[in-house]
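This report covers the fold, burial, surface and charge pairing of one protein chain. Please read it alongside the sequence and the model.

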Amino acid sequence: MRSRALSVRWEPRTVAVCAVLGAVACGAAVFVVGTGDFAIPAADVVRVLAGQGDQATDFIVTTLRLPRAVVGLLAGLALGLSGAIFQSISRNPLGSPDLIGFTTGSATGALMQILVLGGGTVAIATSSVLGAVVTALVVYAMAFKGGGVNGLRLVLIGVGAAAMLEALNSYLITRAELRDAYEAAFWLTGSLNGRGWEQAVPLALALAVLVPAALASGRRLSMGELGDDAARALGVPVQRSRAVLVVTGVGLVAAATAAAGPVPFVALAAPQLVRRLTRRTGPHLLPAGLMGAALLVCGDLISLRLPVAVPVGVVTGVLGGLYLVWLLSSGARKGIA
């Protein structure tokens, strides 16, 4: 009986980048936990996490602040992975769930629950996931033509869907009561404020299924970047693999949005920044996920350290907007945008 060996490509630079990004993300999370009205030194936070802190500090760290950092790490990981998947499928650096409607659809589902149905936290999270799934199904169905889905067509239809959903979201807010509209507008900015274990645990359970599924598809995703014909010649079932990857990517962005709201630009920037650090082609799923975690937690730390407290989505939106301008201008100089 012939056994099949699992081969893993050893890339020292990629391993080093992953190690640095993981350290940055975890280090920023420690400082996030230590930041607040009652400041806790990083050494004391680490001591509490190791089970050696006093009772009062342990309560502040593990009950009040740690869930926020955990949600930030996991949501950033999910967004980075999702961005890498969709940018690879579309073969376009703008093929991010932020821009092709999936995040917006997730927000629409949550707004319907907040402003129309009046559901609680669990209902809002559930509607957020359903909104992303329904949007993805519609966009994928509209992009399906000639027996398959073209990456550029998926991006263009997704951008159009995002514009229509943004208009619907704005209409819902303008028709809502003032208190409900304020809650909806705050949720739409993307925030980690008030996040507890009731958000962290479901997100962790979702990622325990989705992250291995995404990483297991990494090789097929890399082959798909060679082109559909080349991928088929290498034995990859292109359309079936693409459908599985879309489902996985939508699940990742839906889970992240349900837990933290529609945090912008993390999914867009993380894969591109990783490509520049690793200097390798391919989707680089794990490095992109770690970059997403580092970006989101560092953005949260910045938001906490500003003189005026702002949601993390505002910070990532400003930084992501600057990044998008740079990406488009550099692409134009190369004649590709």
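The chain's secondary structure consists of 14 helices and two strands, assigned as DSSP runs numbered from the N terminus (helices: H or I, at least four residues; strands: E, at least two). The model is predicted: local features need pLDDT of at least 70, side-chain atom pairs count only at pLDDT 80 or more, and totals for chains, interfaces and linings use all residues. Residues are numbered from 1 along each chain as its sequence is written, and side-chain values use heavy atoms, with hydrogens and water left out.

Of the 337 residues in the chain, 50% are buried; the term means under 20% relative accessible area, with exposed meaning over 50% and partly exposed in between (1.4 Å probe, protein chains only). Among contacts with a separation of 6 or more, 76% involve residues 24 or more positions apart, where a contact means heavy atoms within 4.5 Å. The exposed area of the chain is about 16600 Å², and carbon and sulfur atoms supply 67% of it. Accessible areas come from the Shrake-Rupley method with a 1.4 Å probe, and for residues only the protein chains shown count as cover.

Helix α3 spans residues 55-90 and contains S82. S82 counts as buried because its relative accessibility is 0%. Beyond its neighbours within four places in sequence, S82 contacts P97, G249, L252 and V253.

On the surface, I302, L306, V314, V318, L319 and L322 make a nonpolar patch of about 520 Å². Such a patch joins nonpolar side chains (Val, Leu, Ile, Met, Phe, Trp, Tyr) within 5 Å, from residues with over 30% relative accessible area and no salt bridge. Helix α14 (residues 312-333) gives the largest share of the patch, four residues. L319 is found in helix α14 and is partly exposed, at 48% relative accessible area.

Side chains of opposite charge can pair when their charged atoms come close. The salt-bridge count is two, the rule being a side-chain nitrogen of Lys or Arg within 4 Å of a carboxyl oxygen of Asp or Glu.

| Salt bridge | N to O distance |
|---|---|
| R47 and D44 | 2.4 Å |
| R68 and D300 | 2.7 Å |

The R68 and D300 pair links distant parts of the chain, with R68 in helix α3 and D300 in helix α13 (residues 285-305), 232 residues apart. R68 is buried at 14% relative accessible area, and D300 is buried at 1%.

R47 and D44 both lie in helix α2 (residues 42-49), three residues apart, about one turn of the helix. R47 is partly exposed at 37% relative accessible area, and D44 is partly exposed at 29%.

How values were computed. Patch = residues over 30% accessible without salt bridge, like charges linked within 9 Å, V, L, I, M, F, W, Y side chains within 5 Å.
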